[in-house]
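Here is a walk through one protein model, with an eye on its rings, strands, hollows and odd backbone spots. Have the structure open and follow along.

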Amino acid sequence: MHAQTHTHTHTHTHARAHSYNYTHPLSFLYIFLSVSHQMFCSRLAQVQGKPASRDHCYNDVSITRSVHDNHYCSVNPCFIAVVTECNGGGSFLVLPIHHTGRLDPQQPRVCGHRARVLDVKWSPFNDHQVASCSEDCTVKIWDVPVCGVRQNLTQARKTLIGHSRRVGLIEWHPTAKDLLLSSAYDYKVCLWDVSQGGPVLRCPVRVMLLLCACFSPDGSRLALTSKDRRLRLLDPRTGAVLQVSSPSYRVCKVVYLGALKMLLTTGFSCWNQRQITLWDPRDLSEPLYEEELDGTGGVLFPFFDPDTNMLYLAGKGDCNIRFYEVSSEKPFVVFLNQFRSQLPQKGLGVMPKRGLDVRSGELFRFYRLISAKHLVEPVSMLVERARVFQEDLYPLTAGNSASMTAQQWLSGLNRGQDRGQHG
């Protein structure tokens with residue numbers, strides 16, 4: 001399968017679109033020079049993707065054959081978790097992050113679910129706590145020993161029971177400790193305090209089957225995309241729907257763009273072209289910007305780095321990862337480069353910024369799940385290093401300490417993420 005080339009066309013909405021006069025003979029030259037100048041001047045224009053050598057990949061991993069549009073992989077500086085295929089029940093691997101090379105066929109697994117595992121996520125504030133959800137209608141919280149999983153782990157610390165159909169999505173709160181969101185095929189969205197084991201909302205939110213959920217950086221808002229292909233903005237404390245996008249825009253995945261105070265969605269245009277769209281979360285009636293990318297059918301996963309304002313797009317079944325620089329001013333999104341491979345990816349995990357190798361100029365690190373080769377391949381996004389430490393590329397980043405307790409957040413307190421040094 002060949003890697004996709006970067007082809008795209010810009011389309012803009014009426015109310016807040018670019019104000020260029022397209023009838024003027026020099027207008028397209030002006031746009032081209034403007035974008036080219038930004039690319040040339042960008043400190044990120046030389047970012048390159050570098051795959052790990054085979055010895056530093058995870059080999060012989062029986063990656064799940066599930067067709068859900070999830071990542072199936074979660075990473076922190078200590079461990080990597082990968083959802084695996086198994087006969088009966090559901091399981092996932094937990095490996096020490098440096099445990100690369102060929103996997104022992106008898107490698108112990110986390111295997112306490114009675115049906116296929118659909119999603120797995122590490123706690124942002126505890127590198128030894130991982131959540132999983134399954135077709136068995138449960139969410140489980142697991143404690144991983146410091147030494148890793150040395151024998152099959154079958155007893156979860158907590159089993160969260162509240163859904164009546166398979167649970168397809170989980171997401172940790174970004175600032176409050178022990179808060180976990182889950183969504184299932186019963187159309188219920190639940191918020192749990194995992195330290196107590198019960199839901200914290202008396203009336204679970206009911207939304208058509210969710211495709212994606214993303215908290216705002218301070219956790220005060222929740223952006224959702226669902227099977228009706230619309231974007232919704234909710235108050236996660238009450239479940240109240242604050243904004244709904246027009247049905248004209250078919251969105252699949254959503255991500256908050258940090259301090260830029262915008263939302264970005266991926267989806268499809270009316271011509272079935274893959275598309276990215278920027279939104280002002282205060283008004284979802286019309287997007288700020290939209291851009292068509294290509295006609296491939298796989299869902300695009302967006303990843304945003306708030307420290308550098310870089311956007312990464314990786315499609316399910318694609319052989320490439322595109323990267324862009326995003327700003328709050330026109331032209332908003334500027335293509336920088338792309339990483340290409342001969343092998344398609346099924347899902348991707350991302351290392352938190354605190355786990356990167358700053359000395360090598362690493363800005364971001366993916367873990368590509370390559371089912372065809374039973375392989376998990378780390379790919380580092382690297383920038384050419386200067387002799388002097390580049391503080392603008394490595395500002396204080398999100399740390400592993402919660403800003404508040406679950407009860408503080410439920411009482412109405414909002415705080416940003418605690419920040420610390422990279423790597």
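Five rings come together in one aromatic cluster: Phe303, Tyr312, Phe323, Phe364 and Phe366. Keep in mind that this is a predicted model. Counting pairs of rings whose centres lie within 6.5 Å, you get eleven aromatic pairs. If you want to describe any such pair, the two things to quote are the distance of the centres and the angle of the planes.

Rings can also have a charge for company. Take Arg166: its charged end sits over the ring of Tyr185, 4.1 Å from the ring centre.

Now for some strands. Look for the open sheet built from four of them, which run in the order β18-β19-β20-β21 with antiparallel pairing. Which strands stand at the edges? They are β18 (210-215) and β21 (241-244); each has a single partner strand, so one side of each is left without a neighbour in the sheet. On average, neighbouring strands here are turned by 20° against each other, if you ignore direction.

Zoom in on one pairing within that sheet. Strand β19 covers residues 222-226, strand β20 covers residues 231-234, and four bridges join the two in the antiparallel sense. To find your way in, start at Thr225 and look across to Leu231 in β20, its bridge partner.

Next, the hollows. There are two cavities of 30 Å³ or more, and the table puts them side by side.

| Cavity | Volume | Lining residues | Lining by class |
|---|---|---|---|
| Largest | about 60 Å³ | Leu181, Val189, Leu191, Leu201, Val205, Leu222, Leu234 and Pro236 | eight nonpolar, no polar, no charged |
| Second largest | about 30 Å³ | Tyr58, Val61, Ile80, Val82, Leu93, Leu95 and Val376 | seven nonpolar, no polar, no charged |

The largest cavity ties back to the strands you just looked at. Leu222 and Leu234 are among its lining residues, and these positions fall in the ranges of β19 (222-226) and β20 (231-234). What classes of residue make up this lining? It has eight nonpolar residues, with no polar and no charged ones.

For the second largest cavity, the elements that give two or more residues to the lining are β5 (79-84) and β6 (90-96). Val376 is also one of the residues in that lining.

Pockets are open, and one of them is worth a stop. The second largest pocket holds about 490 Å³ of space. Of the 21 residues that line this pocket, those closest to its centre are Ala52, His56, Arg365, Pro378 and Ser380. Three strands each supply at least two residues of the lining, namely β2 (48-51), β31 (362-370) and β32 (375-382). By class, the pocket lining has nine nonpolar, seven polar and five charged residues. Compare that with the second largest cavity, whose lining has no polar and no charged residues.

Finally, two backbone details. Where does Pro331 lie? It is in the loop between β28 (320-326) and β29 (333-340), and the peptide bond leading into Pro331 from Lys330 is cis, with omega near 5°.

The other detail is at Asp60, in the loop between β3 (58-59) and β4 (73-75). Its phi is near 65°, a positive value in a residue other than glycine. While you are there, Tyr58 and Val61 are among the residues that line the second largest cavity.

Terms used. Residues are numbered from 1 along each chain as its sequence is written. This is a predicted model: local features need pLDDT of at least 70, side-chain atom pairs count only at pLDDT 80 or more; totals for chains, interfaces and linings use all residues. Side-chain values use heavy atoms; hydrogens and water are left out. Rings of Phe, Tyr and Trp (its six-membered ring) pair if their centres lie within 6.5 Å; planes under 30 degrees apart count as stacked, over 60 as edge-to-face and the rest as tilted. A charge sits over a ring if NZ of Lys or CZ of Arg is within 6 Å of the ring centre and within 35 degrees of the ring normal. Two strands pair if DSSP finds at least two bridges between them. Axes are lines fitted to C-alpha atoms, for helices over the stretch in contact, and angles run from 0 to 180 degrees between N-to-C directions. On a 1 Å grid over the protein atoms alone, a cavity is a set of points where a 1.4 Å probe fits but cannot get out, and a pocket is an open set with protein on both sides within 12 Å along at least five of seven lines; lining residues have an atom within 4 Å of a point. Grid points are joined across faces, edges and corners, and a volume is the space filled by probe spheres set on the points. Ala, Val, Leu, Ile, Met, Phe, Trp, Tyr, Cys and Pro count as nonpolar, Asp, Glu, Lys and Arg as charged, and the others, Gly among them, as polar.
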